[in-house]
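Grab a pencil and work through a few short exercises on the structure below. Try each task yourself before you read its solution.

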Amino acid sequence: MLRAMKLSRNQPCVAWRRHLYRFAAWCCLLLACLGAILPLLPVTPFLLCCLWFSAKADSRLVEWLLNHRRFGPPIRQWQRERSLSLATKRLVVAMLAANWIGLLALGVGRLGLLLSGVIFCGVILFICRIPTANTRHEASTIGSRCLLSTEQE
């Protein structure tokens, strides 16, 4: 009887956590969508966080993300190879350089330029350390639709 009481007390807590994970997943998805538009906001880390939160929430959002036309391929590639495509790496470097030049053109002070330059160089070094995806394998799997369960098998 005591065990049944513990289970009944834990059920609202589990449901509360599930709702919290679901809310966090949708917030990360919103940030990823904004990152597709805004230059300094990354897309892939927020998508990966969204995937993790929605998997914890036992949500259908995981399947939707993995099967999404735009978001699915980079997520599946990261799950499969833990790598980024060369085009993605080039885009990141170009966007960071363009943002730094934009800060320079706006007349940001020396300290701001120095700090942003150091941060941008750190991000570029991190991105360059991530393995580059095999382009033949990437091109053959871009159109395929996989679910999380098939990725783990």
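Here are five exercises, each with a worked solution.

Before you start: this is a predicted model, where local features need pLDDT of at least 70, side-chain atom pairs count only at pLDDT 80 or more, and totals for chains, interfaces and linings use all residues. Residues are numbered from 1 along each chain as its sequence is written, and side-chain values use heavy atoms, with hydrogens and water left out.

**Exercise 1. The overall picture**

Work out how many helices and strands the protein chain has.

Step 1: Look for DSSP runs, numbered from the N terminus: H or I of at least four residues for a helix, E of at least two for a strand. That gives 8 helices and 0 strands, so the pattern along the sequence reads α-α-α-α-α-α-α-α.

Step 2: Check burial, where buried means under 20% relative accessible area, exposed over 50% and partly exposed in between (1.4 Å probe, protein chains only). Of the 153 residues of the protein chain, 25% count as buried.

Step 3: Turn to contacts, meaning heavy atoms within 4.5 Å. Among those between residues at least 6 apart in sequence, 65% join residues at least 24 apart.

**Exercise 2. One helix, two sides**

Find which residues of helix 5 are buried.

Step 1: Locate helix 5 at residues 86-106, a run of 21 residues. From first C-alpha to last it reaches 30 Å, close to the expected 30 Å (1.5 Å times one less than the number of residues).

Step 2: Pick out the buried ones: Lys 89, Leu 96 and Asn 99. Seen down the helix axis they fall within an arc of 95 degrees, so they line one face of helix 5; the arc is taken from the directions from the axis to the C-beta atoms.

Step 3: Recall the geometry. An α-helix has 3.6 residues a turn, so residues three or four places apart point the same way.

Step 4: Now flip to the other side of helix 5, where Ala 87, Arg 90, Leu 91, Ile 101 and Ala 105 are exposed. The cover over the buried residues includes helix 6 (110-129), and helix 5 is followed by Gly 107, with a positive phi near 85 degrees.

**Exercise 3. A loop leucine**

Say what Leu 40 touches, not counting residues up to four places away in sequence.

Step 1: Leu 40 sits in the loop between helix 1 and helix 2. Leu 40 counts as exposed because its relative accessible area is 54%.

Step 2: Its contacts are Asn 99 and Phe 120. Leu 40 and Leu 96 are 56 residues apart in sequence and 7.6 Å apart in space, C-alpha to C-alpha.

**Exercise 4. The salt bridge**

Name the partner of Glu 81 in a salt bridge.

Step 1: Use the rule: a side-chain nitrogen of Lys or Arg within 4 Å of a carboxyl oxygen of Asp or Glu. The count comes to 1 salt bridge.

Step 2: The partner is Arg 80, with the closest N and O atoms 3.5 Å apart.

Step 3: Glu 81 is partly exposed because its relative accessibility is 25%; Arg 80, at 32%, is partly exposed too.

**Exercise 5. Around helix 4**

List the buried residues of helix 4.

Step 1: Helix 4 covers residues 72-81. Its buried residues are Gly 72, Pro 73, Ile 75, Arg 76 and Gln 77.

Step 2: Step just past helix 4 to Arg 82, which takes a positive phi of about 55 degrees.
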